[in-house]
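I opened this notebook to record what I looked up in the structure, beginning with one side chain and working outwards.

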Amino acid sequence: IWAMLLPALQYTDRQITEDYKYLIKHDIDLKKNNLGYLQVHYLYARSYFQDVPIHPDDQKAFDYYKGQVKQYWVDFGKDKYTQGMMSLIMKRYKDTETAVAIAESIKEHALYSEEMGMYWKTSYGYYWYQAPIETHALLVEVFAEVMNDAKSVDELKTWLLKQKQTQDWKTTKATVEACYALLLRGEEWLKESQAPEITMGKENPLVIVPGKTGGDDEK
């Protein structure tokens, strides 16, 4: 896996440098908002591999686009998925102040109901990363990792489950994202609290202890 992953990371680093060189070549004002979805997705993906060093030739472009996130995250207010990625980017690169500010802004625009949980009344776009299921699944990650906000995480999970109950999760990708959010964040809603009992005729029940397998003591 690493034999494939390392060249892939190096390729993305070179491509972000090409994006930066394009701005310079065409005399584009570097102080303006030059962030696109690809640059944000790159930074988000790269945040998972901070142990892999960035080549010095690519460091300037990386720092530039990370600085753009810090400066222009407000401009993406209608796109909660992108803002969620921005919050996680800043958190993982030790800018907790900006990360929290983004997450708080996202939360300020949320709606709540006991039945539906936490959600946003917004126009979702055409692309997969602008779809509601994927957006809510990512925001579970944001409120868990950035805010340590268990209540909001559970409210988001309520909304995800309600969508499955009343409609569906639309695509296989949305289903994977929703399952990831439900299983790995917040309270363990799917965990069985009681050990199952098995009866054989009139004999005493057999109690299966989770985490144990076989052995004469369990028969």
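Entry 1. I began with the contacts of Lys80, leaving out residues up to four places away in sequence: Lys80 touches Ile106, His109, Trp120, Thr135 and Leu139. I note that the model is a predicted one. I then looked up where Lys80 sits, and found this residue in helix H4.

Entry 2. Is Lys80 buried, and what is the nearest side chain of opposite charge? I found Lys80 to be buried and without a salt bridge. The nearest side chain of opposite charge is that of Asp79, 8.7 Å away. Because a salt bridge requires a nitrogen of Lys or Arg within 4 Å of a carboxyl oxygen, I did not list this pair as one. I did record a polar partner in the backbone: a polar atom of the Lys80 side chain lies 2.8 Å from the backbone oxygen of Gly77.

Entry 3. I turned next to Trp120, one of the residues that Lys80 touches. With neighbours within four places in sequence set aside, I listed Lys80, Ile106, His109, Ala110, His136, Leu139, Phe143 and Leu156 as the contacts of Trp120.

Entry 4. From that list I followed Leu156, which belongs to helix H7. Why does Leu156 count as buried? Its relative accessibility is 0%, and therefore Leu156 is classed as buried. Apart from residues up to four places away in sequence, I found Leu156 touching Met118, Trp120, His136, Leu139, Val140 and Phe143. For the pair Leu156 and His136, I noted a C-alpha separation of 6.5 Å, although the two are 20 residues apart along the chain.

Entry 5. I then looked up the largest nonpolar core, which has 45 residues. Tyr65, Met86, Trp120 and Phe143 touch the most other members. At least two core residues come from each of the helices H1 (2–25), H2 (37–46), H3 (56–72), H4 (80–92), H5 (96–108), H6 (132–145), H7 (150–166) and H8 (172–184). H6 gives the largest share, with seven residues.

Entry 6. I closed with the chain as a whole. I counted eight helices and four strands, in the order α-α-α-α-α-β-β-α-α-α-β-β from the N terminus. Of the 219 residues, 39% count as buried. Among contacts with a separation of 6 or more, 63% are between residues 24 or more positions apart. The chain exposes about 13900 Å², and carbon and sulfur atoms supply 55% of that area.

Note on methods:
Residues numbered from 1 in each chain as written. Predicted model: local features only at pLDDT ≥ 70, side-chain atom pairs only at ≥ 80, totals over all residues. Heavy atoms only, no water. Core = buried A, V, L, I, M, F, W, Y, C linked by side-chain atoms within 4.5 Å. Buried < 20%, exposed > 50% of the residue type's maximum accessible area, 1.4 Å probe, protein only. Contact = heavy atoms within 4.5 Å. Lys, Arg positive; Asp, Glu negative; His and termini not counted. Polar contact = N/O pair within 3.5 Å; in protein donor to acceptor, adjacent residues only side chain to side chain. Areas by Shrake-Rupley, 256 points an atom, 1.4 Å probe, with all protein chains shown as cover.
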